[in-house]
Amino acid sequence: MDGETRDGPLDAARLGAELGERSTLVQFSSAFCQPCRATRRTLAEVARMVDGVAHVELDAEAHLALVRELGISRTPTVLVLDAAGRIVRRAAGQPRTVDVVAALGQAM
């Protein structure tokens, strides 16, 4: 994936939340996903630590069209967006804080 989705970069209208000024951490979760809870805490903590970074969590079932478009096959899946909403990094599974911070370094 080259950072663009079929319909262009991800924006506030498509995500239902404002993008971060410098980067956005988009988390796809599901209701009974244990690793999703830990991922939520990790991404929220990183967003608080790094200025200009937002964390947006989306329920995969409630956003099926976007899940299909992006090829999300498991939860949690995390997308790291740059300021323009282009996907810079993508990872499935529970991330480590150090890996999230490193991915943000690529996005900003």
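# Notebook: around Val 100

**Entry 1, Val 100.** I started with the contacts of Val 100: setting aside neighbours within four places in sequence, Val 100 is in contact with Leu 25, Thr 42, Leu 43, Val 46 and Pro 95. Note to self: this is a predicted model. I found Val 100 in helix H4. Is Val 100 buried or exposed? Val 100 counts as buried because its relative accessibility is 5%, and the cut-off for buried is under 20%. I also checked a distance along the way: Val 100 and Val 78 are 22 residues apart along the chain, and their C-alpha atoms are separated by 9.3 Å.

**Entry 2, Thr 42.** Next I went to Thr 42, one of the contacts of Val 100. Thr 42 has its place in helix H2, residues 34-49. With a relative accessible area of 12%, Thr 42 is buried too. Which residues does Thr 42 touch, not counting those up to four places away in sequence? I got Pro 95, Arg 96, Thr 97 and Val 100.

**Entry 3, helix H2.** Then I looked at the whole helix. H2 has 16 residues and reaches 24 Å from its first C-alpha to its last, which is close to the 22 Å expected at 1.5 Å a residue. I listed the buried residues of H2: Cys 36, Ala 38, Thr 39, Thr 42, Leu 43, Val 46 and Ala 47. What do they pack against? The partners are strand S1 (23-29), strand S2 (53-59), S3 and H4.

**Entry 4, the pocket.** I looked up the largest pocket, and about 200 Å³ of space lies in it. It is lined by 15 residues, and the closest to its centre are Ala 91, Pro 95, Asp 99, Val 100 and Ala 103. So Val 100 turned up again, because it is on that list. Strand S3 (77-82), strand S4 (87-92) and helix H4 (97-107) are the elements that give two or more residues to the lining. Which of the elements gives the most? S4 does, with four residues. By type, the lining divides into nine nonpolar, two polar and four charged residues.

**Entry 5, the cores.** A general reminder first: in soluble globular proteins, nonpolar side chains tend to be buried together. Here the largest nonpolar core has 14 residues, and Leu 10, Phe 28, Leu 70 and Leu 79 touch the most other members. S1, S2, helix H3 (64-70) and S3 each supply at least two residues of this core. H3 has the largest share, three residues. I then noted a second, separate core of twelve residues, which includes Ala 47, Val 80, Leu 104 and Ala 107.

**Entry 6, Phe 28.** I picked Phe 28 from the largest core for a closer look. Leaving aside neighbours within four places in sequence, its contacts include Cys 36, Leu 58, Leu 66, Val 67, Leu 70 and Leu 79. Thr 75 and Pro 76 are also among the contacts of Phe 28.

**Entry 7, the loop between H3 and S3.** Those last two led me to a peptide bond. Most peptide bonds are trans. What kind of bond joins Thr 75 and Pro 76? It is a cis peptide bond, with omega at about -5°. Pro 76 lies in the loop between H3 and S3, and Ser 73 has its place in that loop as well. Ser 73 is exposed, with a relative accessible area of 71%. Last check: Ser 73 and Ala 103 are 30 residues apart in sequence and 21 Å apart in space, C-alpha to C-alpha.

Methods. Residues are numbered from 1 along each chain as its sequence is written. This is a predicted model: local features need pLDDT of at least 70, side-chain atom pairs count only at pLDDT 80 or more; totals for chains, interfaces and linings use all residues. Side-chain values use heavy atoms; hydrogens and water are left out. On a 1 Å grid over the protein atoms alone, a cavity is a set of points where a 1.4 Å probe fits but cannot get out, and a pocket is an open set with protein on both sides within 12 Å along at least five of seven lines; lining residues have an atom within 4 Å of a point. Grid points are joined across faces, edges and corners, and a volume is the space filled by probe spheres set on the points. Ala, Val, Leu, Ile, Met, Phe, Trp, Tyr, Cys and Pro count as nonpolar, Asp, Glu, Lys and Arg as charged, and the others, Gly among them, as polar. Buried means under 20% relative accessible area, exposed over 50%, partly exposed in between (1.4 Å probe, protein chains only). Contact means heavy atoms within 4.5 Å. The expected span of a helix is 1.5 Å times one less than its number of residues. A nonpolar core is a set of buried Ala, Val, Leu, Ile, Met, Phe, Trp, Tyr and Cys residues joined through side-chain atoms within 4.5 Å.
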